[in-house]
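Biologist: I am new to this structure and would be grateful for a guided introduction. May we look at the model together?

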Amino acid sequence: MIEPVQSCVYCGVAVSVTADHVPPKAFFPRPRPSNLKTVPACFACNNAAGRDEEYFLAALMFSDAGVTEPGKKLWNQKLQRMYAKNLGLRRHIGSALQAVQLTTPAGIHLGRRMALSIQEPRLEAVATKIVRGLHFLETGSAAPADWDVMCLFVRERRHVEAVAQYNHMLIPARIRGHRSFSIVAELSLVSR
Ligand SMILES: [Zn+2]
């Protein structure tokens, strides 16, 4: 029996020739879980978000995720090497850091911290790929190419819950007549 040709789950056009990790393999410190998920992808889509994924990881180090055990492992195993090799990224992160005065929602002044000014389109590119990959893993079919992936950047931690709560209302309103598929992930990029 001849296997049907599987097209790339991201572009839906090219024939898949490789297995792309969802979420990206680089987001897991070693030893990596043995059951990482992959989706069929073409070479172009497989490689498209590589630089953005590095940026995503570097930005993540400035969030609460950077001080968790997996975050520290990632820093030691990957980020240091990445910074050494990718001078552009290092320069960019350096220039995007700025001093801010940090205050808790209750008004407690935490003093001066360093904060990273983020490039939303680059985080969005990575998130879009992950969402499309997860859609395929969940449903067994690629999300139609004309579906938009909406990324909401929430500035305040206290708003994250509200977004999660209203997510199901927001999304069908935007894509009336289509089935919706949504994921809420929190990535906080607060200074530390
Ligand atoms: Zn593709």
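Modeller: Certainly; please note that this is a predicted model. We may begin with strand 3 (residues 97-103) and strand 4, which are joined by seven bridges and run antiparallel.

Biologist: Which residue in strand 4 does Ala99 stand opposite?

Modeller: Strand 3 and strand 4 are antiparallel partners. Within strand 4, the residue opposite Ala99 is Met114.

Biologist: Which residue in the hairpin of strand 3 and strand 4 takes a positive phi?

Modeller: The hairpin has five residues between the strands. A positive phi near 95 degrees is found there at Gly107.

Biologist: How many residues of strand 4 are buried?

Modeller: Strand 4 covers residues 109-116 and is hardly covered by its surroundings. A residue counts as buried if 20 or more other C-beta atoms lie within 10 Å of its own. Among the eight residues of strand 4, the count of buried residues is zero.

Biologist: How many of the 11 residues of helix 2 are buried?

Modeller: Helix 2 is mostly covered. Its buried residues include Tyr55, Phe56 and Leu57, and the buried residues of this helix pack against helix 3, helix 4 (87-96), strand 4 and helix 5. The number of buried residues in helix 2 is nine.

Biologist: Which element supplies the largest share of the largest nonpolar core?

Modeller: That core has 24 residues, and Phe56 and Leu57 are among those that touch the most other members. Strand 2 (37-41), helix 2 (50-60), helix 3 (69-85) and helix 5 (120-139) each contribute at least two residues. The largest share, six residues, comes from helix 2.

Technical notes. Residues numbered from 1 in each chain as written. Predicted model: local features only at pLDDT ≥ 70, side-chain atom pairs only at ≥ 80, totals over all residues. Core = buried A, V, L, I, M, F, W, Y, C linked by C-beta atoms within 7 Å. Buried ≥ 20, exposed ≤ 12 C-beta atoms within 10 Å, placed from the backbone. Helix = DSSP H or I, 4+ residues; strand = E, 2+ residues; numbered from the N terminus. Pairing = 2+ DSSP bridges. Contact = placed C-beta atoms within 7 Å.
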